[in-house]
Amino acid sequence: MSRLPSRRALLTGASAMAAAAMLGGCDRLGNAEWFKRTLQTGEDANLFVQRLLLTDRTLAPEYAEADISPWFKPNGTEDPPDKAYKALAKAKFAKYHLEVDGLVEAPFKLSLADLRKLPARTQVTRHDCVEGWSAIGKWTGVPLADLLSRAKLKPEGRYVVFHCADTMDQGNALEGGGEGEETDEAPAGNANPSMTKQSGSGESRKDAGGQQASEDTAVSGGSPVRYYESIDLVDAFHPQTILAYDMNGQALPVSNGAPLRLRVERNLGYKQAKYVMRIEVVESFAHLGEGKGGYWEDQGYAWYAGI
Ligand SMILES: Nc1nc2c(c(=O)[nH]1)N[C@H]1C(S)=C(S)[C@@H](COP(=O)(O)O)O[C@H]1N2
Ligand SMILES: [Mo]
C-alpha cells in the first residue's frame, strides 16, 4: 500500500536536489542565509527548487575582445527626458545614488564612486533585442548577488525590481499606430503582434498628440510611467548578472543607460534595464504598473524572456 510521501519527505528531497544543484555552480546562492531559510519554508522551497532544476545555470557565451561590435546600437530611451535625471547627468553623476531597499534587512544607498570600489566583473556578451538585432559589448560592473547579500534579503523576497529614471512616452507604437508617431522607443518597433495595446486599462497614458514625453509629463493616473523591470532570484544571483557602469572599457554613455544598467545575460534586451536608480526586493509585482513585472510586460511582452 503506497502512501504519498509526506511534505517533510518531499522537502528533504527538494533540499537534497538543491544541494546538488548548488555543487553545480550555485555556491553563492547556497551560502546565503535567506536561501537556507527559504529551503525550510515549504512551498517556497518547492517552487524555488523547481526553478533551479529547470534553469540551466551555465553561463551565457562570453566572447573575445575582438568580437566587440564597433557600434552598440542604443535602443528605447536614449536620453531620459526627466529633469532630475538631466541634473544628475550634467554633474557627471557625482550626486547619483543607487538605492537598494524593499524586503531586505539592511537597505542602503551607494554612490557611483562607492559602486566602483566594489569587486567587479567584466564580461563580453551578446545582447539580443526582440526587434531582431544583436550587438556584442563588454560590460564591467558589480554583481547583483553582492548587493543583495549586503542588503540581506528577507525570506519573503522573491523578485528584484529595477526602477529606472526614464519616463516613457506611451504614445508611440503602442496605441495601434496610425498617428505617424515615431517608434524609436519600442523594443520591437511594430514587429511583434503582442505589441498591440490591450484595451481596458481605462485611462489614456498618452500625452496629447502622442508626442515625445517632455520632462515629467507622460502620466498615468497622475504619476509618471517610468521604465521598470523585474527578475526572479535565480537570475538575480546568476554570476553574470551585474550592474554595469562601464561599457567597452569606458564609462557607460547616456544612450546606453548611464550611470548604471542591468546586464542579466541569457535574457532578451528589454530585461536589460538602463538608468537604474533603485533596486527593490518584493514578494510580488502585482502593485507595480499594470502588474506584469515590467514596462514592456505591461504592454503584453512575456515576463520570462530567457534566451
Ligand atoms: N530604462 C530603460 N531601459 C531599457 C530600455 C528603455 O527604453 N529604458 N529599452 C530596453 C530595450 S528594448 C533594449 S533592446 C535595451 C537596449 O539597450 P542599449 O540602448 O544599450 O542598446 O535596453 C532595454 N532597457
Ligand atoms: Mo529591445
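The largest nonpolar core has 54 residues, and Cys164, Leu243 and Val276 touch the most other members. A nonpolar core here is a set of buried Ala, Val, Leu, Ile, Met, Phe, Trp, Tyr and Cys residues joined through C-beta atoms within 7 Å. A residue counts as buried if 20 or more other C-beta atoms lie within 10 Å of its own, as exposed if 12 or fewer do, and as partly exposed in between, with C-beta atoms placed from the backbone. In soluble globular proteins, nonpolar side chains tend to be buried together.

Please keep in mind that this is a predicted model: local features need pLDDT of at least 70, side-chain atom pairs count only at pLDDT 80 or more, and totals for chains, interfaces and linings use all residues. Residues are numbered from 1 along each chain as its sequence is written, while chains are lettered from A and ligands numbered from 1 in the order in which they are written.

**The core and its neighbours**

Leu243 touches Gly141, Val142, Leu144, Leu260, Leu262 and Val276, leaving aside residues up to four places away in sequence. Touching, or being in contact, means that the C-beta atoms of two residues, placed from the backbone, lie within 7 Å.

Another residue to look at is Met277, which lies in strand 12. Met277 is buried, because 21 other C-beta atoms lie within 10 Å. Beyond four places in sequence, Met277 touches Glu99, His163, Cys164 and Ala165. The C-alpha atoms of Met277 and Pro259 are 9.0 Å from each other, with these positions 18 residues apart along the chain counted as their separation.

**Helix 7**

Helices (H or I, at least four residues) and strands (E, at least two) are DSSP runs, numbered from the N terminus. Helix 7 covers residues 144-151, and its buried residues are Leu144, Leu147, Leu148 and Ala151. Viewed down the helix axis, these buried residues fall within an arc of 95°, so they line one face of helix 7. That arc is taken from the directions running from the helix axis to the C-beta atoms. Among the elements covering the buried residues of helix 7 are strand 1 (97-102), strand 4 (134-143), strand 9 (241-247) and strand 12 (276-282). Just after the helix, Lys152 has a positive phi of about 60°.

**The five-stranded sheet**

Five strands make an open sheet with mixed pairing, in the order 2-1-12-5-8. Strand 2 and strand 8 (226-232) are the edge strands, each pairing on one side only. From one strand to the next, the twist averages 20°. Axes for such angles are lines fitted to C-alpha atoms, for helices over the stretch in contact, and angles run from 0 to 180 degrees between N-to-C directions. Strand 5 (residues 159-167) pairs with strand 8 in the antiparallel sense over six bridges; two strands pair if DSSP finds at least two bridges between them. Tyr159 stands opposite Asp232 in strand 8.

**Loops with backbone features**

The peptide bond from Ala258 to Pro259 is cis, with omega near 0°. Pro259 lies in the loop between strand 10 (250-251) and strand 11 (261-264), and Ala258 lies in the loop between strand 10 and strand 11. Beyond four places in sequence, Ala258 touches Ala89, Phe93, Ala251, Leu252 and Pro253. The C-alpha atoms of Ala258 and Lys274, 16 residues apart along the chain, are separated by 7.1 Å.

Asn248 has a positive phi of about 50° although it is not a glycine, and is found in the loop between strand 9 and strand 10. Arg266 is a residue other than glycine with a positive phi near 75°, in the loop between strand 11 and strand 12. The table gives the burial of these loop residues.

| Residue | Burial | Other C-beta atoms within 10 Å |
|---|---|---|
| Asn248 | partly exposed | 18 C-beta atoms |
| Ala258 | buried | 23 C-beta atoms |
| Arg266 | buried | 21 C-beta atoms |

**The whole chain and its confidence**

The chain has eight helices and twelve strands. Of its 307 residues, 40% count as buried. Among contacts with a separation of 6 or more, 72% join residues 24 or more positions apart.

The average pLDDT is 78, and 64% of the residues score at least 70; pLDDT is the predictor's confidence in each residue, from 0 to 100. It stays under 50 over residues 1-26, where the model has 22 contacts beyond four places in sequence. Residues 171-218 also have pLDDT under 50 throughout, with 87 contacts beyond four places in sequence.
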